[in-house]
Amino acid sequence: MAAPGAGQRVTDEAPPAPADRGRPDRRWPRRVYGVGTEPDPRFTLANERTFLAWLRTALGLMVAAAAVKAFGAEGSQWAAAVLAVLAVGVAVEAFPRWSRNERALRLQLPLPSTPVAVVSAVGVVVAGLTILVVVLI
């Protein structure tokens with residue numbers, strides 16, 4: 001049996017708000033909290049932890065970029081640039097990813113995929129190989 005909403009796409013369009021239960025829901029962003037039903041709090045908290053992990057990853061990439069630039073061999077500035085671009089990309093995608101996942105949880109839809117994980121992995125490999133080549137030459 002397929003999950004409820006299987007095959008549907010999560011978008012940023014807000015469907016009509018659920019019936020008022022006597023108190024206004026002022027949580028932000030409304031396009032996330034104004035739809036569907038409350039999921040199990042464990043899922044919402046896990047989504048939040050994942051959001052924070054993406055931010056930690058971005059910070060780690062920023063630190064790595066600064067370290068490679070400061071202490072790297074001649075020519076390693078390209079690796080530092082790749083790491084810095086990845087850091088910005090991961091940080092920029094963290095909130096939209098959290099938002100799409102939270103909407104999917106609230107609407108009981110499958111969680112959407114994200115290309116940022118693959119792009120980040122490839123970028124880190126490219127930066128690592130660049131550093132390796134610069135250090136060995």
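This short talk goes through the helices of one protein chain, their packing, and a few individual residues.

Good morning, colleagues. Please keep in mind throughout that this is a predicted model.

I begin with the overall layout. The protein chain contains four helices and zero strands, and read from the N terminus its elements follow the order α-α-α-α. The chain has 137 residues, of which 28% count as buried. As for contacts between residues at least 6 apart in sequence, 71% of them join residues at least 24 apart.

Before the helices themselves, consider the segment that precedes helix 1, which covers residues 30-33. Pro29 has its place in that segment. The peptide bond leading from Trp28 to Pro29 is cis, and its omega is near 0°.

I turn now to the packing of the helices, beginning with helix 2 and helix 3. Helix 2 comprises residues 41-71, and helix 3 comprises residues 77-106. Their axes come within 7 Å of each other and cross at roughly 170°. An angle over 145 degrees counts as roughly antiparallel, and helix 2 and helix 3 are therefore roughly antiparallel to each other. The residues of this contact divide into 22 nonpolar, six polar and four charged.

The next pair is helix 3 and helix 4, the latter formed by residues 116-136. Here the axes are 8 Å apart and the packing angle is about 165°. These two helices are therefore also described as roughly antiparallel. Helix 3 passes helix 4 in a left-handed crossing. On the helix 3 side, the residues that meet helix 4 are Trp78, Ala79, Val82, Leu83, Leu86, Val90 and Glu93. Their counterparts in helix 4 are Val116, Val119, Ser120, Gly123, Val124, Ala127, Thr130 and Ile131. By class, this contact has eleven nonpolar residues, three polar and one charged.

How, then, are helix 2 and helix 4 arranged, parallel or antiparallel? Their axes lie 13 Å apart, and the two helices pack at an angle of about 20°. That angle makes helix 2 roughly parallel to helix 4. The crossing of helix 2 past helix 4 is left-handed. From helix 2, Trp54, Leu61 and Val68 take part, and they meet Val116, Ala117, Ser120, Val124 and Ile131 of helix 4. Seven of the residues in this contact are nonpolar, one is polar and none is charged.

With the helices in place, I should like to look at individual residues, and I start with Ser120. This serine sits in helix 4. Is Ser120 buried or exposed? Its relative accessibility is 12%, so Ser120 counts as buried. Which residues does Ser120 touch, once those up to four places away in sequence are set aside? They are Trp54, Leu86 and Val90. Trp54 belongs to the helix 2 side of the contact with helix 4, while Leu86 and Val90 belong to the helix 3 side of theirs. In addition, the side chain of Ser120 reaches the backbone oxygen of Val116 at 2.7 Å.

The second residue is Ala65, found in helix 2. Ala65 has a relative accessible area of 8%, and because the limit for buried is under 20%, Ala65 is buried. Beyond its neighbours within four places in sequence, Ala65 is in contact with Ala80, Leu83 and Ala84. Leu83 was also named among the helix 3 residues that meet helix 4. Ala65 may further be compared with Ala127: the two are 62 residues apart in sequence, and their C-alpha atoms are 9.4 Å apart in space.

The third residue, Arg49, also lies in helix 2. Arg49 is exposed, with a relative accessible area of 52%. Leaving out residues up to four places away in sequence, Arg49 touches Arg42 and Arg56. From Arg49 to Trp98 there are 49 residues in sequence, and the C-alpha to C-alpha separation is 9.6 Å.

Finally, I draw attention to the loop between helix 3 and helix 4, where Gln108 is placed. Gln108 has a positive phi of about 55° although it is not a glycine. With 46% relative accessibility, Gln108 counts as partly exposed.

To close, helix 2 is roughly antiparallel to helix 3, helix 3 is roughly antiparallel to helix 4, and helix 2 is roughly parallel to helix 4. Thank you for your attention.

Methods:
Residues numbered from 1 in each chain as written. Predicted model: local features only at pLDDT ≥ 70, side-chain atom pairs only at ≥ 80, totals over all residues. Heavy atoms only, no water. Buried < 20%, exposed > 50% of the residue type's maximum accessible area, 1.4 Å probe, protein only. Contact = heavy atoms within 4.5 Å. Polar contact = N/O pair within 3.5 Å; in protein donor to acceptor, adjacent residues only side chain to side chain. Axes fitted to C-alpha atoms, helices over the stretch in contact; angles between N-to-C directions. Parallel < 35°, antiparallel > 145°, perpendicular 65-115°, else oblique. Left-handed = near helix turned anticlockwise from the far one by under 90°. Nonpolar A, V, L, I, M, F, W, Y, C, P; charged D, E, K, R; others polar.
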